[in-house]
Amino acid sequence: MEILKVQNLCKTYGKGEAKVDALKNVSFSLEKGEFAAVIGESGSGKSTLLNCIGGLDVPTSGTVLIDGQNLFSMKDEARTIFRRRGIGFIFQAFQLVPELNVEQNILFPLLLDYRQPKQDEVDELLELLGLKDRRKHLPSQLSGGQQQRTAIGRALITRPKLILADEPTGNLDSRNSQDVIALLTRASRRFQQTILMITHNRSLTASVDRVFQVSDGVLTDLGGNKIENEK
Ligand SMILES: Nc1ncnc2c1ncn2[C@@H]1O[C@H](COP(=O)(O)OP(=O)(O)OP(=O)(O)O)[C@@H](O)[C@H]1O
Ligand SMILES: [Mg+2]
């Protein structure tokens with residue numbers, strides 16, 4: 001089952017001499033539960049791609065279908081709600097709310113949606129994240145790895161079909177980076193979540209299902225680490 005389908009995506013910034021074709025006719029799709037990585041040089045268009053897929057930026061042309069729904073044919077408000085319920089975002093700079101503790105940060109997307117958290121699910125997630133004994137801590141009282149695990153919890157709490165991660169390990173050492181990859185892998189297996197993750201670190205792509213490379217706005221499928229019909 002296809003969760004993400006990107007067709008002929010183009011994004012051009014600026015005009016005249018300042019014009020940049022950041023994405024050039026990008027097409028690919030991801031299956032349910034697939035964990036894919038995107039690599040590429042700085043300025044190649046990786047974040048632009050992720051932001052267009054997540055509806056944080058608007059493509060110049062092309063379509064993005066998430067679970068069969070066309071993201072850019074929705075009205076702005078519908079797209080915002082769809083994004084909040086169906087897509088989890090993880091960024092390099094964790095972007096936690098400093099005044100909220102670990103548990104409150106994780107629950108934030110549910111509260112925005114006026115949904116009641118189920119305590120057993122929250123406990124299960126905190127356990128998975130290794131944050132049970134830090135649930136009442138503020139972000140400023142956490143290590144970098146703990147902050148990123150909180151941000152991952154916030155992306156997972158709504159059980160989104162699609163998780164988009166832009167350099168989630170960019171501010172972490174190699175040990176914490178491996179932990180983050182392991183957590184994301186577990187999420188994709190356990191909850192059949194589809195993950196698209198940007199990384200600079202080629203060694204972190206060793207365990208993912210598929211690797212894409214973006215170079216100067218052009219996406220190439222470098223294939224998978226797994227045999228196609230294994231899934
Ligand atoms: N808002 C913007 N206005 C104009 N140009 C932009 C804008 N955002 C990005 N660009 C340009 O688009 C290109 C792709 O940028 P993007 O942020 O997608 O790169 P990236 O691959 O994520 O790089 P990095 O690895 O450094 O994060 C770059 O050349 C950049 O200068
Ligand atoms: Mg980027």
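How far from an oxygen atom of ligand 1 does a polar side-chain atom of T48 lie? I looked this up at the start, and the distance is 2.6 Å. I note here that the model is predicted, and I read each value below as belonging to that model.

**Entry: ligand 1, polar contacts.** I went on from T48 to K46. A polar side-chain atom of K46 is 2.7 Å from an oxygen atom of ligand 1. For S44 I found a contact through the backbone: a polar backbone atom of this residue is 3.2 Å from an oxygen atom of the ligand. I then looked up the cover. On its own, ligand 1 has 630 Å² of accessible area, and the protein covers 59% of that.

**Entry: ligand 1, shell.** I listed the surroundings next. The ligand has Y13, V20 and A22 around it, together with E41, S42, G43, S44, G45, K46, S47, T48 and H200. By class, I have seven polar, three nonpolar and two charged residues in this shell. Which element gives the most to the shell? I found α1, with three residues. The elements that contribute two or more residues are α1 (46-53) and β2 (20-31).

**Entry: cavity.** I turned to enclosed space. How many cavities of 30 Å³ or more does the structure hold? I found one. For the largest cavity I noted a volume of about 100 Å³. I wrote down its lining as E121, E124, L125, L128, L156, I157, R159, R190, F191 and Q193. Helix α4 (residues 119-129) supplies four residues, the largest share of the lining. I sorted the lining by class and have five nonpolar, four charged and one polar residue.

**Entry: sheet.** I came back to β2, this time as a strand. In what order do the four strands of the open sheet stand? I read the order as β2-β1-β4-β5, with antiparallel pairing. Why is one side of β2 and of β5 (69-70) left without a neighbour in the sheet? These two strands stand at the edges and each has a single partner strand, so the other side of each has no neighbour there. As a general note, strands in a sheet pair through backbone hydrogen bonds, in a parallel or an antiparallel sense.

I checked the β5 end of the sheet in more detail. Strand β4 (residues 61-66) pairs with β5 in the antiparallel sense, over two bridges. Across this pairing, I found L65 opposite N70 in β5.

Conventions: Residues numbered from 1 in each chain as written. Chains lettered and ligands numbered in written order. Predicted model: local features only at pLDDT ≥ 70, side-chain atom pairs only at ≥ 80, totals over all residues. Heavy atoms only, no water. Near = heavy atom within 4 Å. Polar contact = N/O pair within 3.5 Å; in protein donor to acceptor, adjacent residues only side chain to side chain. Areas by Shrake-Rupley, 256 points an atom, 1.4 Å probe, with all protein chains shown as cover. Nonpolar A, V, L, I, M, F, W, Y, C, P; charged D, E, K, R; others polar. 1 Å grid on protein atoms, 1.4 Å probe; cavity = no way out; pocket = protein on both sides within 12 Å on 5 of 7 lines; lining within 4 Å. Points joined across faces, edges and corners; volume = space filled by probe spheres on them. Pairing = 2+ DSSP bridges.
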